[in-house]
Amino acid sequence: MRGLRVYTIFYLIFLYAPIILLPLFAFNASTIIAFPLSGFTTEWFAELWAAPAMHQALRNSLIIAVSSAVLATCLGIFAARAATRFTFPGKGPIMGLIMLPLVLPEIIVAVSLLVVLLGVGINLGMWTVILGHVLICTPFSIAILNSAFLSLDGSLEEAAYDLGETRWSTFRLITLPLIMPGIISSLLISFTISLDEFIIAFFLTGTEPTLPVYIWSQLRFPTKIPSIMALGTILVALSIVLLIIAEYYRRLGVRKTGGKDTGGFL
């Protein structure tokens with residue numbers, strides 16, 4: 001047991017040490033990424049305000065992330081409701097196919113999408129990146145919303161039907177408010193995944209780079225690395241905040257519907 005504890009500690013250190021080093025070098029006064037640190041500065045964060053190419057890449061990433069989160073969550077609602085409330089032929093294989101991007105290497109998904117899109121004559125741009133991000137975000141959305149629907153007491157919907165409500169009005173007035181924490185959690189998780197995703201964006205972005213693609217392009221210039229460290233620090237902090245909020249809403253949804261918490265992101 002002691003050996004397992006030691007292994008876990010070293011594994012966590014190995015996993016999170018780069019994230020811990022990121023803010024250290026982001027506030028380091030030297031342009032050389034090495035120890036010892038030469039002093040404290042916020043100069044690299046100030047440089048981010050004077051980079052119009054970065055601002056455009058950030059704008060592209062936000063548009064893509066918001067669009068992908070909304071579309072993936074809408075598709076997730078439909079798929080999760082079908083999977084938890086209905087039985088139909090081929091349900092298992094269909095749901096397995098939808099969840100397949102969770103286990104496929106992203107580079108395989110990216111190359112496949114690139115070949116298909118170019119084959120049908122679609123020009124690469126933000127919409128192709130949104131398509132790719134929806135594909136990889138939808139399984140995460142379904143996983144979150146499956147939990148929300150399973151935690152929901154089905155007798156509430158049956159009671160609404162008995163009182164004369166239609167399926168649509170029951171879903172709008174009863175089901176949707178109760179699973180809203182799960183929907184918010186899905187939106188935040190999908191937004192975070194899309195904002196941080198690089199491989200699919202790299203293959204499908206065309207002439208409108210996203211923020212991760214812009215960061216990769218700047219790594220060729222040593223003088224730009226400190227400002228990239230500063231930008232990376234901001235992105236890591238934003239991702240952690242969004243994940244905490246998403247987990248809060250996921251747990252809130254479980255408590256609200258009286259279900260059992262089967263575990264989440266935190």
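These are my notebook entries on a predicted model of one protein chain.

**Entry 1: the fold**

I started with the secondary structure. I get eleven helices and zero strands for the protein chain. Read from the N terminus, the order is α-α-α-α-α-α-α-α-α-α-α, which made for a quick entry.

Next I looked at how the chain packs. Of the 266 residues in the protein chain, 39% are buried. I then took the contacts with a separation of 6 or more, and 70% of them join residues 24 or more positions apart. For the surface I have about 15000 Å² accessible, with 73% of that belonging to carbon and sulfur atoms.

**Entry 2: the largest pocket**

Then I went looking for space. Rolling a probe the size of a water molecule over the atoms shows where empty space is left. The largest pocket holds about 470 Å³. I count 20 lining residues, and those nearest the centre are Ile 19, Asp 196, Leu 235, Val 236 and Ser 239. The elements giving two or more residues to this lining are α1 (2–26), α8, α10 and α11 (225–257).

Which helix gives the most to the lining of the largest pocket? I find that α11 does, with nine residues. By class I noted 16 nonpolar, three polar and one charged residues around this pocket.

**Entry 3: the second largest pocket**

I moved on to the second largest pocket, at about 220 Å³. Its lining runs to 13 residues, with Leu 48, Met 54, Leu 58, Leu 231 and Ile 234 nearest the centre. Here α3 and α11 are the elements that give two or more residues. So that I have the classes on file, I wrote down twelve nonpolar, one polar and no charged for the second largest pocket.

Helix α11 is thus on my list for the largest pocket and again for the second largest pocket.

**Entry 4: cavities**

I also checked for closed spaces. There are two cavities of 30 Å³ or more, and I followed up the second largest, which has a volume of about 30 Å³. I listed its lining as Ser 61, Ile 64, His 133, Ser 194, Leu 195, Glu 197, Thr 210 and Pro 212. Two or more of these residues come from each of α3 (52–85) and α8 (167–196). The split by class is three nonpolar, four polar and one charged.

**Entry 5: two threonines in one loop**

Thr 210 from that cavity lining made me look at its loop. I place Thr 210 in the loop between α9 and α10. Is Thr 210 buried or exposed? Its relative accessible area is 3%, under the 20% cut-off, so I put it down as buried. Beyond its neighbours within four places in sequence, Thr 210 is in contact with Ala 57, Ser 61, Ile 64, Val 129, Ala 201 and Thr 205. Of these partners, Ser 61 and Ile 64 are also in the lining of the second largest cavity.

Thr 207 sits in the loop between α9 (199–204) and α10 too. For Thr 207 I have 77% relative accessibility, which is over the 50% cut-off, so this one is exposed. I also took a C-alpha distance here: Thr 207 and Leu 124 are 7.8 Å apart in space, with their positions 83 residues apart in sequence.

**Entry 6: Ser 217**

I went on to helix α10 (residues 211–218), where Ser 217 is found. At 18% relative accessible area, Ser 217 is under the 20% cut-off and therefore counts as buried. What does the side chain of Ser 217 reach? I find the backbone oxygen of Tyr 214, at 2.6 Å.

**Entry 7: Leu 187**

My last stop was helix α8, which holds Leu 187. I get 30% relative accessibility for Leu 187, which falls between the 20% and 50% cut-offs, so I call it partly exposed. Not counting residues up to four places away in sequence, Leu 187 touches Ala 69, Val 70 and Thr 73. I also checked Leu 187 against Leu 242, 55 residues apart along the chain, and their C-alpha atoms are separated by 9.9 Å.

Methods:
Residues numbered from 1 in each chain as written. Predicted model: local features only at pLDDT ≥ 70, side-chain atom pairs only at ≥ 80, totals over all residues. Heavy atoms only, no water. Helix = DSSP H or I, 4+ residues; strand = E, 2+ residues; numbered from the N terminus. Buried < 20%, exposed > 50% of the residue type's maximum accessible area, 1.4 Å probe, protein only. Contact = heavy atoms within 4.5 Å. Areas by Shrake-Rupley, 256 points an atom, 1.4 Å probe, with all protein chains shown as cover. 1 Å grid on protein atoms, 1.4 Å probe; cavity = no way out; pocket = protein on both sides within 12 Å on 5 of 7 lines; lining within 4 Å. Points joined across faces, edges and corners; volume = space filled by probe spheres on them. Polar contact = N/O pair within 3.5 Å; in protein donor to acceptor, adjacent residues only side chain to side chain.
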